[in-house]
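Please examine the model shown below and follow it from its principal pocket through its helices and strands to its less usual backbone positions.

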Amino acid sequence: MASHSRRRKWLKRVLWILLSLVVFFLLVVVPYGLSWLIVNGSYHFPDPDSGKTPASFGVPFEDVEFSSEPGIQIRGWYVPALDVKGSAPSVATSGPRGTVILVHGLNRTRVEMLTRAIFLSKAGYNGLLFDLRHHGVSGGKVSSLGYYESHDVRASLDFLKSRKDVHGPFALWGVSMGATASLLAFAGNPEFSCVIADSPFLSFEDTIVHHAHLLLHLPRFPIVDLILFITSHRLGFRMGDFDLRNTVREIGPRPILFVAGTADQRMPPEIAKALFEIASSPQKRLLLVEGAKHGGAYREDPATYEQVVLRFFQTTLKPHPNGPLGP
């Protein structure tokens with residue numbers, strides 16, 4: 001009997017140890033590990049244009065570098081407008097129609113925006129595309145899903161304004177995380193004339209919860225709630241500070257073009273529709289591209305996309321009333 005009692009006690013200890021390890025794994029290792037992937041991960045999605053530059057398309061460009069808060073070096077390409085008639089690959093002589101800052105998505109690089117920059121250059125617009133912090137060859141050790149990346153977008157405008165050969169009006173065109181960073185930057189700076197938000201987030205909280213369920217089937221409580229708490233704490237913001245619904249309300253009557261793909265499971269079109277409904281701008285637009293997956297609307301139907309973008313810029317990207325911005 002004594003031997004049987006000892007075996008039962010030993011078995012209980014083993015079970016308690018195993019249970020404690022499982023709890024520790026689920027409530028500590030998994031949340032901290034996934035938070036690390038969100039903030040510090042450096043995976044790069046393959047891109048069909050990897051290794052290419054604007055020169056690959058016969059378009060001139062310039063390697064550029066500027067500093068973003070707090071002292072992070074951002075590297076990119078400046079692509080000048082070509083002759084608006086498209087007659088020759090030379091810098092526009094009649095003056096560019098505007099300057100567009102193009103902002104890529106999470107785990108991408110400036111290359112994601114390359115074909116858009118080529119399209120804009122041939123249409124008579126200057127373009128600036130760059131690697132966001134902790135992406136590509138730019139500096140930075142963490143990613144914040146767009147929150148601090150908005151500083152990179154603002155810094156890109158300061159860089160453009162410091163050049164004597166570049167003037168406004170200025171526009172933003174971002175995809176996914178880039179759309180989110182662009183909306184945040186746009187809300188805080190009236191020097192931007194308009195913004196294109198392709199597949200934007202709804203909020204930090206919604207994005208984490210949705211992707212945890214979509215990709216890993218994780219329950220909201222307690223694992224995803226812990227991921228939210230740990231990640232927001234590590235990045236230094238409150239979840240309520242990173243809500244694009246509030247951002248769009250702050251933007252007010254300024255022009256926004258929302259874009260979404262009907263087959264996007266990561267950022268479903270309902271998000272763009274919800275933000276579109278919140279927007280109060282009389283010049284707001286919504287483009288839904290049938291069959292497009294996340295961030296793929298431009299590839300799915302470039303002709304329609306480009307037509308809508310040009311029409312949007314023609315009506316919203318106007319010269320600054322007080323003259324060109326810049327030195």
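**The pocket and its surroundings**

Helix α5 gives the most to the lining of the largest pocket, with 6 residues. The model is predicted, and the description that follows should be read in that light. Both α1 and α5 supply at least two residues each to the lining of the largest pocket. In total, 21 residues line the largest pocket, and those nearest its centre are L37, I38, L106, H211 and L215. The volume of the largest pocket is about 610 Å³.

The pocket belongs to a protein chain with 10 helices and 8 strands. The C-alpha trace of the protein chain spans about 100 × 40 × 35 Å along its principal axes. Of the 327 residues of the protein chain, 50% count as buried. Contacts between residues at least 6 apart in sequence join residues at least 24 apart in 72% of cases.

Helix α1, one of the contributors to the pocket lining, comprises residues 2–40 and contains V29. Is V29 buried or partly exposed? V29 has a relative accessibility of 37% and therefore counts as partly exposed. The C-alpha atom of V29 is separated by 37 Å from that of L129, a residue 100 positions away along the chain.

**The β7-α8-β8 unit**

Towards the end of the chain, attention turns to a crossover. Strand β7, helix α8 and strand β8 together make a right-handed β-α-β unit. Strand β7 covers residues 256–261 and strand β8 residues 285–289, and the two pair in the parallel sense over 5 bridges. Within this pairing, V259 has L287 in β8 as its bridge partner.

Which residues of the connecting helix α8 are buried? They are P269, I271, A272, L275 and F276. Seen down the axis of α8, these buried residues fall within an arc of 155°, so they line one face of the helix. The spacing accords with a general property: an α-helix has 3.6 residues a turn, so residues three or four places apart point the same way. On the face of α8 turned away from its buried side are the exposed residues E270 and E277. The buried residues of α8 pack against both strands of the unit, β7 and β8, and also against α5 (204–216) and α7 (244–251). Helix α5 thus appears twice in this account, as a packing partner of α8 and as a contributor to the lining of the largest pocket.

**Helix α7 and the residue that follows**

Helix α7 can be read in the same manner. The buried residues of α7 are L244, T247, V248 and I251. They cover an arc of only 95° around the axis, which puts them on the same side of α7. The exposed residues R249 and E250 are carried by the face of α7 turned away from its buried side. What covers the buried residues of α7 includes β7 and α8, together with α4 (177–187). Just after α7, G252 takes a positive phi of about 65°.

**Positive phi outside glycine**

Positive phi values are also found at residues other than glycine. H134 is not a glycine, yet its phi is positive at about 65°. H134 lies in the loop between β4 (125–130) and α3. With a relative accessible area of 17%, under the 20% cut-off, H134 is buried.

S199 is likewise not a glycine, and its positive phi is about 60°. The loop between β6 (192–198) and α5 holds S199. S199 counts as buried, at 2% relative accessibility.

**Cis peptide bonds**

Where does the backbone contain a cis bond preceding P169? The cis peptide bond joins G168 and P169, with omega about 5°. P169 lies in the loop between α3 (149–161) and β5 (170–175). The peptide bond from F221 to P222 is also cis, with omega near 0°. P222 is found in helix α6, which comprises residues 220–235.

Conventions:
Residues are numbered from 1 along each chain as its sequence is written. This is a predicted model: local features need pLDDT of at least 70, side-chain atom pairs count only at pLDDT 80 or more; totals for chains, interfaces and linings use all residues. Side-chain values use heavy atoms; hydrogens and water are left out. Two strands pair if DSSP finds at least two bridges between them. Helices (H or I, at least four residues) and strands (E, at least two) are DSSP runs, numbered from the N terminus. A crossover is right-handed if, with the strands pointing away from the viewer, the path from the first strand over the helix to the second runs clockwise. Buried means under 20% relative accessible area, exposed over 50%, partly exposed in between (1.4 Å probe, protein chains only). The arc is that of the directions from the helix axis to the C-beta atoms. Contact means heavy atoms within 4.5 Å. On a 1 Å grid over the protein atoms alone, a cavity is a set of points where a 1.4 Å probe fits but cannot get out, and a pocket is an open set with protein on both sides within 12 Å along at least five of seven lines; lining residues have an atom within 4 Å of a point. Grid points are joined across faces, edges and corners, and a volume is the space filled by probe spheres set on the points.
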